[in-house]
Structures are given as C-alpha cells and as structure tokens.
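I opened this notebook to record what I looked up in a single protein chain. The entries follow the order in which I consulted the model.

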Amino acid sequence: MTLPRTLPALAVSCLLSTPAVAVPVTANLDVVEENGFNEISLSFQPPFFGDPGEDTTTLSGQVELLLEVDPSTGQVSEMTITDGTISGTPLRISESQFFVGRYELNSSVIGADLTTPEAPGIVDPATGEYDASQHNFTVSSGTLGGSISITLAGINEELSFDFEEMPVGGAGSGTGTVTLTLLESSETSKTYDAVVLLPISVVENFAVPESPLGDLEIPISATGTAKLGGTVVLEIIPEDPFVLWTEANGIPGVTQLEDSNGDSVPNGLQWALGLDAETSPFPHLLSPSETSAQNVGFTITLPDSGSVAPLTVLSTDDPSGSFNVLNSGAVSAGNPIPAGTSGTVSISLPRESRGFLRLMVGEPR
C-alpha cells in the first residue's frame, strides 16, 4: 500500500465552547403585577387649593430591551429600550373647597412609550444599577380633560388635553436596576430570570388660557416605579478553536488549507494534531509499521498532550478519485480517532489491499 506524504486537511467539525466577553440578547419583559410597582401616582396642584389631588393609574404591557450580558457572570453592562408601549388605567382627580372652588379631571386609557434616546444605556456590571435619566417615559395616547373653577381668581375653564396630538413626558429619574438570576445552563445557552426596575418622575405644566392671573400654569406630576420581568435566554456562540490557535501562534487570518510554515502540511492538520505552528508534524503523521503475512501496518504517533480535533483515516485505490472512510475496526482508536487521543494509534489492513491512505481533520458528514 502506498502512503502519500502531503495530507490535505478538510473542514473541522468540532468547536470549543469559549464564549465572547459580552453577548447581546433581546429580552421581552412584561409589566409585573405586584404591589408597590407599576402604580403611577398622578397629582394635580392648582393654586389656592392647598393639598394636591391625586389618583393612581396601573400600568400594563410589554417592553423589549437589548442587553449586553457577560455569560460567565450574568452581569449586564448595557441596557437599551428598543420597543416599549405600555398603558395605564383611566384615572379621576377631583377636589372641592368652600370659598376656593372645585376641579375635576378624568382620563381615558393612557398609552406611554419607553425609549432610550441615546443608545446604548450604560449599566454598572458590578451592581446592576443605571442612571434612569438615560431612558424616557412619554405619554403618547389618550386624553385628559375636565373643568376647573377658582372663585378667588375668577377662573372657570374647561380643560382638554390630547396626548396623541401633544405628547408629554421626560427622562426617568433616580437609579434603576437590572438583575439577572441564572435558572438553567448548558454548553449552548443560559436561561435567566430578568427583573428591571425603572423609576419614573415626570412633571408637566398645563396652561390655563386667558387666566385673570395672567400666564397661569398648573403642574401635574407622575411618580412611581415600573417593574418589568420575564425570562431571558442567552445563546452562547462558541469561538472557532482553530482561529484561537492561529492568533496564539501569531498567524491570524490564515485558513486551515494554507501552509504557513512551508512544510507541506496544512495549518488545519498542524492544529488538529495538537502542535504549535512551528513544531515539525512529521513524527506524528501516518508511517509504515510492522507487517505480517496477512496484514500491512501503519501507525500515527500523537503528542503526549493529545490531539485537539477528531482525525479520520480515509482510503482509496485511485488517488484521483474520491476517498472513503476506512473501516473503524482497522484503526486501534476507532475511526474517527477522537479528539484528546495520545500515544500510538495502529492501522492494520489486509496485505492484498493496494491503495492510498489520507488523514482528514474532523468527522465525516
């Protein structure tokens, strides 16, 4: 049996599971029903009335976030709101005081948008805290209307506000948090329970037209904390171990079929054998060994540290044609030879066989 000395390497089929430092992941989180959260207090403070009138709107909906996550720690370094429309239940604010006057305001269902105007939003990975002013809360649909009568000021006006025609809102206020808690982990993915707290504090001034007091503006404020929760699945994309090998050996960008050191052995086979780029591969390639009356022998002596990718022995009787996978029983370590194999692997073929052997990197498809 003839043995060729030039052994081309084919595509590698194995990958290591070394992840990138930070991985982007999209999170679709729901507004959580929980006491103390997503209940936004609105207060209306006209002059002369003393204490403001208040009511609470309860939020519901879903928000889409883009998170940058370190899969090794579950820490978040960036959080950007990419799509968020939530709604608040109708509210009613009214007050009546003798000799002062009265007012009454009613709203329809109110819609609000959450956005990150200047992406990305930065998060402190160590604490999960972020500056809520990086994100905006804007009331963009629904109506608020009613009447106000201030006897002392001679004001008796109807108020009407359409948020679709004139949105109101502003940046968040205070410190928010994003927390990921690991639920499940595998080589290809990690599943987290995600909780985001976004404090909201918005003040808008409503103008009273033609007021006897001149330019009269009545502040309406909204305060509370939005809480978002749900499950986030982080897909772990492994890095190509051959690429890592080329970078470690100072030859980044080369392919497996190239021969960077000019020894007629492709880079891919050099790597798969577990060698650095400058070590001679020839002591570890196919070599004739002892024969018997019935069989012809070959050996592959793999480094003590072991191979780093599967190696498949192919054979043919016509080197210009296609090669086929050699019967697994003919190879002492099995065929393909598993990654991590070290020491001498023996190949035994019937003496009457004539042809060629080839060593392929990877497993046959």
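**Entry 1. The β5/β6 pair.** I began with Glu95 and looked for its bridge partner in β6, which is Tyr103. I noted that the model is a predicted one. For Arg92, the bridge partner in β6 is Asn106. I then looked up the two strands as a whole: β5 covers residues 92–97, β6 covers residues 101–107, and they pair in the antiparallel sense over six bridges.

**Entry 2. The turn.** Three residues lie between β5 and β6, and the two strands form a hairpin. I checked Phe99, which is found in the loop between β5 and β6. Its phi is positive, about 70 degrees, although Phe99 is not a glycine. I recorded this because most residues other than glycine have a negative phi. Is Phe99 buried or exposed? Phe99 has a relative accessible area of 64%, and because this is over 50%, I entered Phe99 as exposed.

**Entry 3. The sheet around the hairpin.** I followed the pairing outwards and found an open sheet of four strands in the order β5-β6-β10-β11, with antiparallel pairing. Its edge strands are β5 and β11 (155–162), each of which pairs on one side only. From one strand to the next, the twist averages 5 degrees.

**Entry 4. A second positive phi.** I looked up Asn38, which sits in the loop between β1 (23–31) and β2 (39–44). Asn38 is not a glycine, yet its phi is positive, at about 60 degrees. Asn38 has a relative accessibility of 1%, and because this is under 20%, I entered Asn38 as buried.

**Entry 5. Cis peptide bonds.** I noted these bonds because most peptide bonds are trans. The bond from Ala119 to Pro120 is cis, with omega near 0 degrees. Pro120 belongs to the loop between β7 (110–115) and β8 (129–131). Asn335 and Pro336 are also joined by a cis peptide bond, with omega about 10 degrees. I located Pro336 in the loop between β19 (324–325) and β20.

**Entry 6. Asn267 and Arg354.** Asn267 lies in helix α2 (residues 267–272). At 4% relative accessibility, Asn267 counts as buried. I listed its contacts, leaving out residues up to four places away in sequence; among them are Phe242, Trp245, Val254 and Asp259. Arg354 lies in the loop between β20 (343–350) and β21 (356–361). Arg354 is exposed, with a relative accessible area of 67%. I also looked up Thr316, 38 residues from Arg354 along the chain; the C-alpha atoms of the two are separated by 8.6 Å.

**Entry 7. The whole chain.** I counted two helices and 21 strands. What is the radius of gyration of the chain? The chain has 35 Å, whereas a compact globule of 365 residues would have a value near 21 Å. Along the principal axes, the C-alpha atoms fill a box of roughly 120 × 35 × 35 Å. Of the 365 residues, 42% count as buried. The chain exposes about 18,100 Å², and carbon and sulfur atoms supply 49% of that area. Among contacts between residues at least 6 apart in sequence, 67% join residues at least 24 apart.

**Entry 8. Confidence.** The pLDDT of the chain averages 86, and 92% of the residues score at least 70. Over residues 1–20 the pLDDT is below 50, although this stretch has 70 contacts in the model beyond near neighbours in sequence. Where pLDDT is low, the predicted coordinates should not be read in detail.

Notes
Residues numbered from 1 in each chain as written. Predicted model: local features only at pLDDT ≥ 70, side-chain atom pairs only at ≥ 80, totals over all residues. Heavy atoms only, no water. Pairing = 2+ DSSP bridges. Axes fitted to C-alpha atoms, helices over the stretch in contact; angles between N-to-C directions. pLDDT = per-residue confidence, 0-100. Contact = heavy atoms within 4.5 Å. Rg over C-alpha atoms; globule rule 2.2 N^0.38 Å. Buried < 20%, exposed > 50% of the residue type's maximum accessible area, 1.4 Å probe, protein only. Areas by Shrake-Rupley, 256 points an atom, 1.4 Å probe, with all protein chains shown as cover.
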